Amino acid sequence: MAFMEKPPAGKVLLDDTVPLTAAIEASQSLQSHTIAGLSLPLPPKKLIGNMDREFIAERQKGLQNYLNVITTNHILSNCELVKKFLDPNNYSANYTEIALQQVSMFFRSEPKWEVVEPLKDIGWRIRKKYFLMKIKNQPKERLVLSWADLGPDKYLSDKDFQCLIKLLPSCFHPYIYRVTFATANESSALLIRMFNEKGTLKDLIYKSKPKDPFLKKYCNPKKIQGLELQQIKTYGRQILEVLKFLHDKGFPYGHLHASNVMLDGDTCRLLDLENSLLGLPSLYRSYFSQFRKINTLESVDVHCFGHLLYEMTYGRPPDSVPVDSFPPAPSMAVVAVLESTLSCEACKNGMPTVSRLLQMPLFSDVLLTTSEKPQFKIPTKLKEALRIAKECIEKRLIEEQKQIHQHRRLTRAQSHHGSEEERKKRKILARKKSKRSALENSEEHSAKYNNSNNSAGSGASSPLTSPSSPTPPSTSVEHAPF
């Protein structure tokens, strides 16, 4: 497909951050296989009796647990191999081949660039690929080309989208990593930046090499150690400053995490401003989509900052969100910021503003020594387009949060209804109802008997008959169905 061609009509833009689940429904005898990687709960093998019904049932239960662990692991659940295995219909394409085709078409009209090597799987996104580049007349310089497909939150018109992508090289800010070149078509964008040997903030935290695959770098770190307090304060302040700058410009971000922060000496510089223009979903979407008060891109940035601060502090991401209690930190001022962004109360009531975080003790006394003047001029027409696109992104998030909330309520109700305690309550109520019904029947028969005797004693013209005994209550009421 040529680089300037339009995407196929009716193309489905999937949200790759939506967690997939899998349930084992049957078993089948196939050739054996091995799985390498993390220490995962793969059920043990059995040489003799491995086709017994009991063993197969036990094995199926173990494999289901194995799948559950994979699909609930934040990094593994976003892995291309896992997506292809669980959903082959939607993830059958060769995304590297598609990226190569697009990049090759681009180089036909821009011959000064040359591909050195593909940087295989260095990022977590399935539809974003990277290549190490050089300029032919400057062979010693190394650059990185990133190519990315459109995402489900792309609400800009094709014309506005391409104009905004091409504006990115004109953005100057001391805490934004400079874009050397940017171009786009109706289906994707291609950007070139300088290659940084030191890598990202996440590479610093995990002591990893930038060129290694994402899973190798971050999925199972050998040593977990947070940063020094002064680093946390300085990096945190720099990141908040650039977030405030983007918010003031009306430029939606929503993609803050440690891999999107480039380290340049002691300076943090934000990466991938193009993600929101492309409509790509956030790495942490499966977290903040659970909380209805995190419903603007500004609040998303603040919540994601909480994830980043946690990782800088403890050397790893939080096990789950919201966080009930925080481990000991280098300063209580760190915990105060974490509580304001990741605690149960914060997630339930809403995020503070970036300005409020900048005023907190952890960051308020940090001195920034930069002379570079920020510059990012966005024409009025494109600012309006950004505002509308931002509202559409937030609307989709709010709708998704509403559906998740309704599903949770339904699940809780079903779980409550099916609990042992509820079954006992329904059994007791059924017995009481049956006893009450039996008592009412007994009283009704007694009333009829008394009326019959009264009629006979008053000399009524009807013939005398022996009154029938009232029907006794059923002896089976204690075993009424429930």
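Colleague: Let's start with Arg269 and Asp264. Why is that pair called a salt bridge?
Modeller: This is a predicted model, so take it as such. The closest N and O atoms of Arg269 and Asp264 are 3.2 Å apart. The cut-off is 4 Å between a side-chain nitrogen of Lys or Arg and a carboxyl oxygen of Asp or Glu, so the pair qualifies as a salt bridge.

Colleague: And what makes Arg269 buried or exposed?
Modeller: Arg269 has 17% relative accessibility. Buried means under 20%, so Arg269 counts as buried. Its partner Asp264 comes out at 36%, which falls between 20% and 50%, so Asp264 is partly exposed.

Colleague: How many salt bridges turn up in the whole structure?
Modeller: The search finds 23. Another one of them pairs Asp365 with Lys233, N to O at 3.0 Å. That value is within 4 Å, so the pair gets the name.

Colleague: What does the pair of Asp365 and Lys233 tie together?
Modeller: Asp365 sits in the loop between α15 (361–364) and α16 (380–417), while Lys233 belongs to helix α8 (residues 229–249), so the bridge links parts that are 132 residues apart in sequence. Lys233 has a relative accessible area of 10%; that is under 20%, so Lys233 is buried.

Colleague: Where do Glu384 and Arg387 lie?
Modeller: Both are in helix α16, three residues apart, which is about one turn of the helix. Their closest N and O atoms are 2.5 Å apart, so they pass the 4 Å test for a salt bridge. Glu384 is at 36% relative accessibility and Arg387 at 37%. Each value is between 20% and 50%, so both residues are partly exposed. Elsewhere, Lys128, Arg193, Asp272 and Glu274 are joined into one network by salt bridges that share partners.

Colleague: Why does Asp87 have no salt bridge?
Modeller: The nearest side chain of opposite charge is Lys83, 7.4 Å away. A bridge needs 4 Å or less, so Asp87 has none, although Asp87 is buried. Asp87 lies in the loop between α3 (80–86) and α4 (95–109).

Colleague: What makes the link between Asp87 and Asn90 a polar contact?
Modeller: Their side chains come to 3.0 Å. The limit for N or O atoms is 3.5 Å, so this one counts.

Colleague: On to the sheet. How do you know that β3 and β5 pair?
Modeller: Pairing takes at least two bridges. Seven bridges join β3 (residues 138–149) to β5 (residues 188–194), so these strands pair, and they run antiparallel. One bridge sets Leu143 opposite Met194 in β5.

Colleague: Which strands stand at the edges?
Modeller: The open sheet has five strands in the order β1-β2-β3-β5-β4, with antiparallel pairing. β1 (113–119) and β4 (181–184) each have a single partner strand, so one side of each lacks a neighbour in the sheet. From one strand to the next the twist averages 25 degrees. Helix α5 (residues 158–167) packs on the sheet, touching β4 and β5, and its direction makes about 175 degrees with that of β4.

Colleague: What covers the buried residues of α12?
Modeller: The cover includes α8, α11 (297–314), α13 (344–349), α14 (354–359) and α15. Among the buried residues of helix α12 (residues 332–342) are Val334, Val335 and Leu338.

Colleague: Which residue caps the N-terminal end of α12?
Modeller: Ser331 does: a side-chain oxygen of Ser331 is 3.0 Å from the backbone nitrogen of Ala333. That is within 3.5 Å, so the cap fits the polar-contact limit.

Technical notes
Residues numbered from 1 in each chain as written. Predicted model: local features only at pLDDT ≥ 70, side-chain atom pairs only at ≥ 80, totals over all residues. Heavy atoms only, no water. Helix = DSSP H or I, 4+ residues; strand = E, 2+ residues; numbered from the N terminus. Buried < 20%, exposed > 50% of the residue type's maximum accessible area, 1.4 Å probe, protein only. Lys, Arg positive; Asp, Glu negative; His and termini not counted. Polar contact = N/O pair within 3.5 Å; in protein donor to acceptor, adjacent residues only side chain to side chain. Axes fitted to C-alpha atoms, helices over the stretch in contact; angles between N-to-C directions. Contact = heavy atoms within 4.5 Å.
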